[in-house]
Amino acid sequence: MLTTKGALSGIPGTGTAGTYTVLVRATNSIGFTDQTFTVTVNEEPFFTNASSTPVLPLNTPASFQLTANGSPAPTFSEANGGSLPPGLQLNPNTGVISGTPTAAGKYFLTVLASNGVGTDNQRSLTINIGSPPSITSLPSLTLDSNMYVLTSIVASGAPQPSLKLFSGT
């Protein structure tokens with residue numbers, strides 16, 4: 001709001017970040033004059049992608065995108081108290097976590113989005129580095145008719161795979 005005395009006031013709303021051009025006219029009984037002004041609205045960063053727990057394959061190139069809005073555009077960094085899995089890096093300009101993970105496991109970290117406006121925004125992440133399933137049991141089994149059988153089929157992988165019969169009777 002601009003008063004007739006020249007006071008500009010108000011609170012820019014969330015999502016209104018950007019640069020605006022406004023035209024102000026001063027008028028009196030003699031005439032008028034116009035002046036163009038540029039108004040820049042900055043906004044503190046906020047993450048726009050849902051909280052998620054990516055599962056990335058061990059020893060295979062992979063990537064995961066973090067996105068955050070704000071004005072000016074935010075940069076990304078790791079907060080203290082957590083770490084990316086070995087082999088992965090965070091691009092501070094794009095928010096892409098990428099690389100070739102070299103150690104299986106569950107990794108916890110906090111990523112900050114910063115742009116110098118307001119408070120940094122943080123996102124806690126759990127990144128699971130896994131391996132594809134493999135069945136480690138012997139591929140054949142000999143049974144006697146009319147005898148009860150109990151055996152185990154063993155599968156490994158990270159995360160732990162489940163088993164399901166897909167064919168046979």
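Begin with the salt bridges of this predicted model, of which the structure holds 1. Select Asp 34 and Arg 25 together: these two residues form the salt bridge, and their closest N and O atoms lie 2.7 Å apart. Side chains of opposite charge can pair when their charged atoms come close. How buried or exposed are the two partners? With a relative accessibility of 32%, Asp 34 counts as partly exposed, and Arg 25, with a relative accessibility of 48%, counts as partly exposed as well. Both values fall between the 20% under which a residue is called buried and the 50% over which it is called exposed, and therefore each partner is placed in the class in between.

Next, keep Arg 25 selected and bring up the backbone around it. Here Arg 25 stands opposite Asp 34 in strand 2, so the partners of the salt bridge are also residues that face each other across a strand pair. Now extend the selection to residues 18-27 for strand 1 and 32-41 for strand 2. These strands pair in the antiparallel sense, over 10 bridges, and they form a hairpin that has 4 residues between its two strands. Another pair to pick out along the hairpin is Thr 21, which stands opposite Thr 38 in strand 2.

With the hairpin still on display, turn to the second largest pocket, whose volume is about 190 Å³. Select Leu 2, Gly 6, Leu 8, Tyr 20, Val 22, Val 24, Phe 37, Val 39 and Val 41 to show its lining. Which elements give two or more residues to this lining? They are strand 1 and strand 2, the strands that form the hairpin. Colouring the selection by class will show 8 nonpolar residues, 1 polar residue and no charged residues.

Finally, move to the largest pocket, in which about 340 Å³ of space lies. To see what surrounds that space, select Ile 135, Ser 137, Leu 138, Pro 139, Ser 140 and Leu 141, then add Thr 151, Ser 152 and Ile 153, and complete the lining with Leu 163, Lys 164 and Leu 165. Coloured by class, this lining has 7 nonpolar, 4 polar and 1 charged residues.

How values were computed
Residues numbered from 1 in each chain as written. Predicted model: local features only at pLDDT ≥ 70, side-chain atom pairs only at ≥ 80, totals over all residues. Heavy atoms only, no water. 1 Å grid on protein atoms, 1.4 Å probe; cavity = no way out; pocket = protein on both sides within 12 Å on 5 of 7 lines; lining within 4 Å. Points joined across faces, edges and corners; volume = space filled by probe spheres on them. Nonpolar A, V, L, I, M, F, W, Y, C, P; charged D, E, K, R; others polar. Salt bridge = Lys/Arg side-chain N within 4 Å of Asp/Glu carboxyl O. Buried < 20%, exposed > 50% of the residue type's maximum accessible area, 1.4 Å probe, protein only.
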